[in-house]
Amino acid sequence: MAHWLYKSEPSSWSWEQQKAAGEKGTEWTGVRNYLARNNMRAMQIGDKGFFYHSNDGLEVVGIVEVCALSHPDSTAKGDDRWDCVDIRAVRDMPKPVTLKDVKANEKLSKMALVTSMRLSVQPVTDDEWLEVCRMGGLDNPPR
């Protein structure tokens, strides 16, 4: 089981909207970066991820899981280079974890959120997953 981080500007797609999508989830569309696309192509059903509010908020606000494997992005208008996965909300982060707090934590100094800030879909190591969950108040994080 792998872990990921998905960035979204809350004015475009918020955590509240993701939760409202329910069990069916939604396509994670609009990614136009090859590395982020390749990350989605590597995902498996049940992989967990952080939902991160970028630009406004700058914090991990929830946990999602992959509910459909990589498939053509419906917003790509026939351009078959771009794929997406479907994700659904799993739970709120009890205490949002800010970018400032992530950057201040030495254990997270190599996290893609710190080193590759512009990448919209990022891998998260198991140790990073556990540390961010701990910072967010999740004693028993979903794996």
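**Exercise 1. Work out how much of this protein is buried, and what its overall dimensions say.**

Start with burial: 48% of the 143 residues in the protein are buried. Keep in mind that you're looking at a predicted model.

Next, take the extent. The C-alpha trace spans about 45 × 30 × 30 Å along its principal axes.

Now check the radius of gyration. A compact globule of 143 residues would come out near 15 Å, and the protein has 14 Å, so the two agree.

Finish with the outside. The accessible surface is about 7,400 Å², and carbon and sulfur atoms account for 49% of that.

**Exercise 2. Trace the fold from start to end, then see how far apart in sequence the contacting residues are.**

First, count the elements: there are 5 helices and 6 strands.

Then put them in order. Reading along the sequence gives β-α-β-α-β-β-β-α-α-β-α.

Now for the contacts. Take those between residues at least 6 apart in sequence: 69% of them join residues at least 24 apart.

Last, bring in the record. An unreviewed UniProt entry annotates residues 2-135 as "domain: EVE". That span is 25% helix and 36% strand, and its end C-alpha atoms lie 19 Å apart.

**Exercise 3. Decide whether Trp82 is buried or exposed, and find what surrounds it.**

Begin by locating it: Trp82 sits in the loop between strand 4 (59-72) and strand 5 (83-98).

Then apply the cut-off. Buried means under 20% relative accessible area. Trp82 has 6% relative accessibility, so it counts as buried.

Who are its partners? Skip the neighbours within four places in sequence, and Trp82 is in contact with Val31, Arg32, Asn33, Tyr34, Arg37, His71, Pro72, Asp73 and Ala76.

For a sense of distance, look at Val61: it is 21 residues from Trp82 along the chain, and their C-alpha atoms are separated by 26 Å.

**Exercise 4. Find which elements the buried residues of helix 5 pack against.**

Step one is to pick out those residues. Helix 5 covers residues 126-135, and its buried residues are Glu128, Trp129, Glu131, Val132, Cys133 and Met135.

Step two is to see where they pack. Their partners are strand 1 (3-8), strand 3 (48-53), strand 4, strand 5, helix 3 (99-104) and strand 6 (121-124).

Step three: look just past the helix. Gly137 follows helix 5, and its phi is positive, near 85°.

**Exercise 5. Tally the charged side chains.**

Count each sign: the protein has 19 positive and 21 negative side chains. Then compare positions: the centres of the two sets lie 3 Å apart.

Note on methods. Residues numbered from 1 in each chain as written. Predicted model: local features only at pLDDT ≥ 70, side-chain atom pairs only at ≥ 80, totals over all residues. Heavy atoms only, no water. Helix = DSSP H or I, 4+ residues; strand = E, 2+ residues; numbered from the N terminus. Rg over C-alpha atoms; globule rule 2.2 N^0.38 Å. Buried < 20%, exposed > 50% of the residue type's maximum accessible area, 1.4 Å probe, protein only. Contact = heavy atoms within 4.5 Å. Areas by Shrake-Rupley, 256 points an atom, 1.4 Å probe, with all protein chains shown as cover. Lys, Arg positive; Asp, Glu negative; His and termini not counted. Charge placed at Lys NZ, Arg CZ, Asp CG, Glu CD. UniProt positions renumbered as here; feature names shortened; annotations may be inferred.
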